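This report describes a protein model for someone new to it. The sheets come first, followed by the cores, a pair of helices and one loop residue.

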Amino acid sequence: LEAAGVQMFPLGGTDRFGLGALWRLGRLVRSERFDVVHAHGPLPASAVRVLPMAEVVVTTAHTIWSSLRWSTRVLWRLTAWRDGATLAVSSAVAESLPTRASERTTVLPHGIDMQAISEVRSVARAGSPDEVVAVCVASHRDVKNYPNLLRAAAIARRDAPSLRLLAVGDGPDVERHRLLAVDLGIDEMVQFVPATLDVLSTIASADMLVVASDFEGQPLVVMEAMALGLPVVATAVGRVPELVTPSAGRIVTPGDSSALAGALVELANAPELRRNLGDQARASSGTWTLEEVVDAHLRLYGSLLDDRRSNRNDVADRPRSP
């Protein structure tokens, strides 16, 4: 981003954001150097909305409402009226919001970089011909539920000895997950690799994508894998069931290691099925491109700023009371 000329303001904090990061965000917005403040999390959105300097606030909801902490939901309800526009990454997220917010929420999903997809479609498959590689691209945090995935891999190994798991990502729990793989006796079956900017090539080199999350909005990696022609095995979270039909992959209940293992075994032992699912995944992956999403955001910002200017002019033109 910095190389592209985008100015960055690191706030620090953690997955829970933190009071210090909230304070730094408020101070940043009060500097009055921004025409639009676009928040992508419920806590930063609530913090920004209460600042009078934030005249145009746009909020994108990524998470199903019921999965938020009760305190976060309260803050959202109290401040949501300040939004100039509220977006959601999927219809599932939009419909989960409180009724008043849901009715005025626009669904604007993530977009994928089709040029980058095209450039890596021909990447050779990784591993030996006798191995079936399932790739998981996720940070090592609670909501991604790596323990569920690792337990599923341990179960699947019995009936699919050719299966290998490639876990791509960083995060606070990565070492704990490495130890769990050892405890489950699958450390030779699982390869942990750091997050990479060349993740599309990594996905393209695998035989299938696996997602074991407990919560998601609209996982970009699912759309990318489908566009690359990979079948997807995933939990029924967020927009995933809308994207991954039975002809493109397999959907299982979140947290069900046995069901996840069964889906992995089915695809690992059936190369023709994987090919057919992958072909259908690619054919059905028609979705928003990155360029379309960028343009939609720019149109939204422009419309909101035009409305603000119009309102200011209306106020300026009103006759003053004697």
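In which sense do S5 and S8 pair, and over how many bridges? S5 and S8 pair in the parallel sense, over 2 bridges. Helices (H or I, at least four residues) and strands (E, at least two) are DSSP runs, numbered from the N terminus, and two strands pair if DSSP finds at least two bridges between them.

The model is predicted, so local features need pLDDT of at least 70 and side-chain atom pairs count only at pLDDT 80 or more, while totals for chains, interfaces and linings use all residues. Residues are numbered from 1 along each chain as its sequence is written, and side-chain values use heavy atoms, with hydrogens and water left out.

**The two sheets**

| Sheet | Strand order | Pairing | Average turn between neighbouring strands |
|---|---|---|---|
| Open, 6 strands | S7-S6-S5-S8-S9-S10 | parallel | 20° |
| Open, 4 strands | S1-S2-S3-S4 | parallel | 25° |

These turns ignore direction. Axes are lines fitted to C-alpha atoms, for helices over the stretch in contact, and angles run from 0 to 180 degrees between N-to-C directions.

In the sheet of 6 strands, S7 and strand S10 (249-252) are the edges; each has a single partner strand, so one side of each has no neighbour in the sheet. Val 135 stands opposite Leu 209 in S8. Helix H10 (residues 220-227) packs on this sheet and touches S5, S8 and strand S9 (232-235), with its direction at about 165° to that of S8. Contact here means heavy atoms within 4.5 Å. H12 also packs on the sheet, touching S5, S6, S8, S9 and S10, and its direction makes about 170° with that of S10.

In the sheet of 4 strands, strand S1 (37-39) and strand S4 (105-107) are the edges, and each pairs on one side only. Strand S2 (residues 57-61) and S3 run parallel and are joined by 4 bridges. Thr 60 stands opposite Leu 87 in S3. H2 packs on this sheet, where it touches S1 and S2, and its direction makes about 165° with that of S2.

**Nonpolar cores**

A nonpolar core is a set of buried Ala, Val, Leu, Ile, Met, Phe, Trp, Tyr and Cys residues joined through side-chain atoms within 4.5 Å. Buried means under 20% relative accessible area, exposed over 50%, and partly exposed in between (1.4 Å probe, protein chains only).

The largest core has 33 residues, and those with the most contacts inside it are Leu 163, Leu 165, Met 208, Val 210, Leu 260 and Leu 264. Among the elements that give two or more residues to this core are strand S5 (132-137), helix H7 (146-159) and helix H12 (257-268). A second, separate core of 32 residues includes Val 221, Ala 227, Val 232 and Leu 243.

**Helices H2 and H3**

The axes of helix H2 (residues 42-49) and H3 come within 9 Å and cross at roughly 35°. Pro 42, Leu 43, Ser 46 and Arg 49 of H2 make the contact with Thr 72, Leu 75, Trp 76 and Thr 79 of H3.

**Asp 83**

Asp 83 lies in the loop between helix H3 (70-79) and strand S3 (85-88). Asp 83 counts as buried because its relative accessibility is 8%. Leaving aside neighbours within four places in sequence, Asp 83 is in contact with Arg 49, Val 57, Thr 59 and Arg 104.
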